[in-house]
Amino acid sequence: MTIEDAEHISEAKRAEIIASYPAHEVEARAKGIPVLGSGRVFPVTEESISVEPFAIPQHWAIIGGLDFGWDHPTAGVLLAHDRDSDVVYVGACYRRSKATPIEHAVTLSKWGDYPWAWPHDGLHQMKDGGLSFRDQYADAGMNMLPSHATHASGGYGVEAGISEMLTRMQSNRLKVFSHLSEWWEEFRLYHRQDGKIVKLRDDVLDATRTALMMLRNAQTTAELEFENEDWRDHGHGRSNTTGY
């Protein structure tokens with residue numbers, strides 16, 4: 001909870017309260033962000049990467065990212081890439097636990113027929129010998145990329161993905177819509193202990209990292225329409241549903 005959530009306090013009074021805090025205590029006292037010091041994975045301020053939501057131009061490329069789960073949530077994000085400036089925007093996020101791939105797909109498919117990046121554990125088959133996670137989502141109608149997410153140079157190391165995210169944040173090339181409360185909640189608590197990332201409540205961030213790894217596969221609405229038209233010409237009958 002942040003001071004902005006305390007709606008019984010007037011806006012003017014909130015500003016007065018925040019102004020009374022020492023600069024180094026503002027994030028902890030006004031926003032509830034723990035003082036994690038060097039343990040923070042992303043040592044950047046929210047203000048430096050937060051933007052107000054806006055309509056995504058149709059010529060920007062879009063890609064989704066997934067993180068699979070059951071007891072811990074399944075998460076999804078949608079990234080929009082302004083190729084001209086090489087700035088990536090996190091424009092939508094989703095998090096839900098104890099639901100099937102079909103249930104997740106019902107919600108995520110409404111975002112559009114954009115390509116979806118997924119982690120390597122999506123190849124794991126169910127204990128009963130059923131379809132892998134990746135294939136279950138594909139069967140549910142999602143446009144899953146054919147292979148799991150890897151960096152452009154190969155491999156899928158977590159630290160390399162974290163480094164790419166941080167580099168983009170520090171160079172103003174990764175922005176996040178301000179209303180995505182679940183994304184910001186995870187960002188505020190994402191930290192290391194004894195040098196290792198604490199793997200708790202990081203599902204949306206993992207989905208973001210997965211999508212960013214496969215940014216080279218992002219597509220614009222026009223590119224998707226062309227691809228879908230090509231599929232129809234070859235009799236595959238894949239639907240053409242786009243939107244963001």
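In this predicted model, the second largest pocket encloses about 320 Å³ of space, a pocket being an open set of points on a 1 Å grid over the protein atoms alone where a 1.4 Å probe fits, with protein on both sides within 12 Å along at least five of seven lines; the volume is the space filled by probe spheres set on the points, which are joined across faces, edges and corners. Its lining comprises 18 residues, with Asp67, Pro119, Lys199, Asp206 and Arg209 nearest the centre, where lining residues are those having an atom within 4 Å of a point. Helix H8 (residues 203-213) supplies the largest share of this lining, five residues, helices being DSSP runs of H or I with at least four residues and strands runs of E with at least two, numbered from the N terminus. By class, the lining divides into seven nonpolar, three polar and eight charged residues, with Ala, Val, Leu, Ile, Met, Phe, Trp, Tyr, Cys and Pro counted as nonpolar, Asp, Glu, Lys and Arg as charged, and the others, Gly among them, as polar.

Residues are numbered from 1 along each chain as its sequence is written. Local features need pLDDT of at least 70 and side-chain atom pairs count only at pLDDT 80 or more, whereas totals for chains, interfaces and linings use all residues, and side-chain values use heavy atoms, with hydrogens and water left out.

An open sheet of six strands, with mixed pairing, follows the order E1-E6-E4-E3-E2-E5, two strands being paired if DSSP finds at least two bridges between them. Strands E1 (50-51) and E5 (116-117) form the edges, each pairing on one side only. Strands E3 (residues 74-82) and E4 (residues 87-96) run antiparallel and are joined by nine bridges, with Thr74 opposite Arg96 in E4. Helix H6 (residues 158-170) packs on the sheet through E3, E4 and strand E6 (174-177), its direction making about 85° with that of E6; contact means heavy atoms within 4.5 Å. H8 likewise packs on the sheet, touching strand E2 (61-67), E3, E4 and E5, and its direction makes about 40° with that of E3.

The axes of H6 and H8 come within 10 Å and cross at roughly 85°, axes being lines fitted to C-alpha atoms, for helices over the stretch in contact, and angles running from 0 to 180 degrees between N-to-C directions. H6 is therefore roughly perpendicular to H8, a term covering 65 to 115 degrees. Their contact involves Val158, Gly161, Ile162, Glu164, Met165 and Arg168 of H6 with Leu205, Thr208, Arg209 and Leu212 of H8.

Notes: Parallel < 35°, antiparallel > 145°, perpendicular 65-115°, else oblique.
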